[in-house]
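Q: Please take a close look at one part of this model, the aromatic cluster, and describe what surrounds it. A connected account would be preferred to a list.

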Amino acid sequence: MLEDCIELRHHLHQHPELSGNEQNTHNLLASLLERLNPSKLYKNVGGYGLVAVFEKAGAKRTVAFRADIDALPINETLPLPYCSGSMNVAQKCGHDGHTAILMRFAEKISQNPPDCNIVLIFQAEEETGYGAKKIMQTGLLQSLHIDMVFGFHNLPQYSYNKIVTRHNTFTAASCGFVAKLVGRQTHAAHPENGINPGLAVAELIAAMDQHNASHCKQDSFQQSTLIYTHIGEKALGTSAGDAEIIFTLRAFSNKDMAEILDFAKLTLAAVGKRHRLETSYEMQESFPAVENSTELTDFVHRTAVECDFEVEEATSPFRWSEDFSQYLAEFKGCFFGIGSGLYSHELHHPDYDFPDRIIEPAAEFLSHIAHRINIL
């Protein structure tokens, strides 16, 4: 059965599907889950998500586990979503491995059921931040009366199978901030007759960078990363009249995320007013911070120690983001890491590949969690 899950991982790696387009992946996983005879199998949940329920008679708790199933666009030299050049679809974040781990775990609990109801969430659209929210909006998980939810992610630069925990924030909040500034085009020979947004863009970039410098400490970490700018047109006879600028904003708490968002909005408005520009903004791909339950983080850490897994408490949150946070808005939960090799390429690197060797130990660790949950 492990060999089948490795083969599944390889298939998903060779046939990746972008967020929102996971139909073939959905159909394949549905056919594999049906062979395990779950009590219930819900298809097309919030798009191409699947939810499998394994019920245990007399169970007092219902415990959910989630894996993501989508791939991401990438080219040969730079991670996406904001790179130039030809784009391919690839499994460069390990979602193929996460899916294989959860499927292997499904096999284990179908053969050796724990004393609780198990809900397995195979979630689409994680990379864009929409998948978990769409599943939650269906109301299905709420109707299953879930008591707690666990999620995991492979972590390069950590030794194979090391369990990495983190109290409070595990991954950062993030948001795309798209700012637009509109002035007035004019002939390049008479720029004084127009309203050029160039200096306003420079001022906005400088202000965001200065904000970074004053919020670089962990206890108040806020970060803006310049992603993209576009000013005017490629027309030598025309002074620029509009501009677009994109930042990715990050923070280690949802409170600090709200603060940096307010700063970006107010700064944009002030800069626009100073330079007589009309301004607007929109937010894209918003991820709240993953803020773990203290009780469940203690439980995961203790389970790793008692079941002879190497374990480490991360000293600071990870700066990347995860839409697992959407589940934590309603359910108590814990997100943790599984080491995928000290010398592995980082996530989203074009040469990244998920190591098959961690599928079985990771699935076994999920089984330990499920079988020990009643000691809480």
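A: A residue counts as buried when its relative accessible area is under 20%, as exposed when that area is over 50%, and as partly exposed in between. The model is a predicted one. Tyr 158 has a relative accessibility of 17%, so Tyr 158 counts as buried. Phe 318 is buried as well, because its relative accessible area is 13%. Trp 320, at 24% relative accessibility, falls in the partly exposed class.

These three residues belong to a cluster of linked ring pairs, whose members are Tyr 158, Phe 170, Phe 318, Trp 320, Phe 324, Tyr 327 and Phe 335. Across the model, the count of aromatic pairs comes to 14. In one of them, the ring centres of Tyr 158 and Phe 318 lie 6.3 Å apart and the ring planes stand at 65°. Ring centres must lie within 6.5 Å to pair, and planes over 60 degrees apart count as edge-to-face, so the pair of Tyr 158 and Phe 318 is edge-to-face. Tyr 158 sits in the loop between β7 and β8, while Phe 318 sits in the loop between β17 (311-313) and α9 (325-328), so this contact ties together parts that are 160 residues apart in sequence. Phe 318 also forms an aromatic pair with Trp 320, with 5.7 Å from centre to centre and 40° between the planes, and this pair is tilted.

The strands on either side of the Tyr 158 loop lead to β18. Strand β18 covers residues 332-339, and 7 of its 8 residues are buried, which makes the strand mostly covered. Strand β7 (residues 148-155) runs parallel to β18 and is joined to it by 8 bridges. Within that pairing, Val 149 stands opposite Gly 333 in β18. Strand β8 (residues 163-165) pairs with β18 in the antiparallel sense over 2 bridges. There, Val 164 has Gly 337 of β18 as its bridge partner. β18 is thus paired in parallel with β7 and in antiparallel fashion with β8.

Another ring contact involves a charge. Arg 357 lies over the face of Tyr 160, at 3.7 Å from the ring centre.

A second mostly covered strand can be set beside β18. Strand β14 (residues 242-251) has 7 of its 10 residues buried. β14 pairs in the antiparallel sense with strand β10 (residues 173-182), over 10 bridges. In that pairing, Cys 175 has Leu 249 of β14 as its bridge partner. Strand β12 (residues 222-231) also runs antiparallel to β14, and the two are joined by 9 bridges. Ile 231 stands opposite Ala 243 in β14.

One open space is worth adding to the account. The second largest pocket holds about 260 Å³ of space. Helices α1 (2-14), α2 (23-34) and α3 (95-111) each supply at least two residues of its lining. The largest share, 5 residues, comes from α1. Among the lining residues are Met 1, Asp 4, His 11, Leu 28, Arg 35, Met 103 and Glu 107. By class, the lining has 7 nonpolar, 1 polar and 4 charged residues.

How values were computed:
Residues numbered from 1 in each chain as written. Predicted model: local features only at pLDDT ≥ 70, side-chain atom pairs only at ≥ 80, totals over all residues. Heavy atoms only, no water. Buried < 20%, exposed > 50% of the residue type's maximum accessible area, 1.4 Å probe, protein only. Helix = DSSP H or I, 4+ residues; strand = E, 2+ residues; numbered from the N terminus. Pairing = 2+ DSSP bridges. Phe/Tyr/Trp six-rings, centres within 6.5 Å; stacked < 30°, edge-to-face > 60°. Lys NZ or Arg CZ within 6 Å of the ring centre and 35° of its normal. 1 Å grid on protein atoms, 1.4 Å probe; cavity = no way out; pocket = protein on both sides within 12 Å on 5 of 7 lines; lining within 4 Å. Points joined across faces, edges and corners; volume = space filled by probe spheres on them. Nonpolar A, V, L, I, M, F, W, Y, C, P; charged D, E, K, R; others polar.
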